[in-house]
Each structure stands twice: as C-alpha cells, then as structure tokens.
Amino acid sequence: SKATVSVLYWIVMRCFMTVAAVLSVLGGASGLMCSGTGEALKLVYPNGIVVDPKNSGRNLTMPQTHDRPNITWNVPTAGYFQYIMVDPDAPTPADPRMSDILHQGSVNMKSDDFSTGTVLEPYMGPSPPPTSPPHRYCQFLYTTNVPITVTPPASRLNFNMTQLQHTILAAGGKLVSSTYFYTQYSS
C-alpha cells in the first residue's frame, strides 16, 4: 500500500541519515578503510624503513617517520595518479573531531614523479598529541583516466577525504593500493 511504502521510505532515509551522521563524527569513511590493499604502493623513509601493503599496521615512531619518504608505485603509466596521506584519528582515535588531517596530497600526476602533478599539501610527518593512543597514518593511491579538479584545502585539519573519494570515483577512478602505519607520540 501507499502507506507501507511511505513508512519504508522514512525508515530507509532515517538509517541513511544516521549512517551519514556517524561517518561525519568519525571524520569520514576514509578512517574506516585504512588497510593494506594491492601491491603497488611503497614508501621508503630516509632511514631505510619500508611501508607497503604487505607490512600495513606496523608501529613506527615519530622520529622514524619525520622526514619525507620516497614514494613509488608499480602501476602501468596510464591516466593520472592521486596520492593522499591522512590521519583519521585526530586529536584522538576516540574523538576524531579534527579528522582527517591531510599529511600529504598530490593529484593529477603522470607517474610517481610528484613534480608532474598538483601538490595539495607537502609532506608533514606524524605528530599525534602526547596524551593520545597511537594514530593511524593512511596512504591511498588512486588512478583516474582524466585529471580531477580539487581545490587545495585552506587547512590540513578536517580534510574531506570522503569528498575527494567521490571526486575520484566520478572521474572513473579507482583505488589501486593503500597502506597504513601507527605512530604514537614520542619526544
């Protein structure tokens, strides 16, 4: 009946709004999908530490990750690459109201040469607060067939990773590889 359809529609919309509110509080869906996928992405820090999908989830210190890593990927060159590193746990994993923090972002690269694209933010090493449990630092590599239009953010705080993912998907893009590591405050 028409009344049943209206009730079902209302229930579905309430569920959708509830999920959207929860994701908003958690800093977007990106914080929920930090994982090691694909095999293409590789970060090598100047001290020799390697972060890739095979060793995702390892614990690294602030000094170990302070300097910009060499970032490479093994993907056939076709289209454009989008690389993003975010902290979805700021200021704490239990209270991510400042998430996502954009630690590095470059879009529309033709290869793993970052100078071929647009830098949204240069590399900033992990720096969780002293009282916080470890934070996740998530790296994502996407490809698109066409360049995407992204306005550099006014601030690294509250970067909308979900919106960027929608922009990438709307351009026919896909996630190629991802990895992440944990860092806790250390002096």
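Are cysteine 34 and cysteine 138 buried or exposed? To find out, select both residues in this predicted model. Both cysteine 34 and cysteine 138 prove to be buried.

**First stop: the disulfide**

Keep the two cysteines selected and display their sulfur atoms. A disulfide joins cysteine 34 to cysteine 138, with an S to S distance of 1.7 Å. The count of disulfides in the model comes to one. Viewed along the S-S bond, the torsion is about 90°, so the disulfide is right-handed. Next, colour the elements on either side of the bond. Cysteine 34 lies in the loop between helix H1 (2-25) and strand S1 (41-44), while cysteine 138 belongs to strand S8 (residues 135-144); the pair therefore ties together parts that are 104 residues apart in sequence.

**Second stop: the sheet**

From cysteine 138, extend the selection to the sheet that contains S8. This is an open sheet of six strands in the order S3-S9-S8-S5-S6-S7, and its pairing is mixed. Select strand S3 (58-61) and strand S7 (118-121) to see the edge strands, each of which pairs on one side only. On average, neighbouring strands of this sheet are turned by 20° against each other, direction ignored.

**Third stop: S5 and S8**

Now restrict the view to strand S5 (residues 80-87) and S8. The two strands run antiparallel and are joined by seven bridges. Within this pair, select tyrosine 80, which stands opposite threonine 144 in S8.

**Last stop: helix H2**

Finally, add helix H2 (residues 161-170), which packs on the sheet and touches S5, S8 and strand S9 (174-184). The direction of helix H2 makes about 15° with that of S8.

Conventions. Residues are numbered from 1 along each chain as its sequence is written. This is a predicted model: local features need pLDDT of at least 70, side-chain atom pairs count only at pLDDT 80 or more; totals for chains, interfaces and linings use all residues. Side-chain values use heavy atoms; hydrogens and water are left out. A disulfide is a pair of cysteine sulfur atoms within 2.5 Å. Helices (H or I, at least four residues) and strands (E, at least two) are DSSP runs, numbered from the N terminus. Buried means under 20% relative accessible area, exposed over 50%, partly exposed in between (1.4 Å probe, protein chains only). Two strands pair if DSSP finds at least two bridges between them. Axes are lines fitted to C-alpha atoms, for helices over the stretch in contact, and angles run from 0 to 180 degrees between N-to-C directions. Contact means heavy atoms within 4.5 Å.
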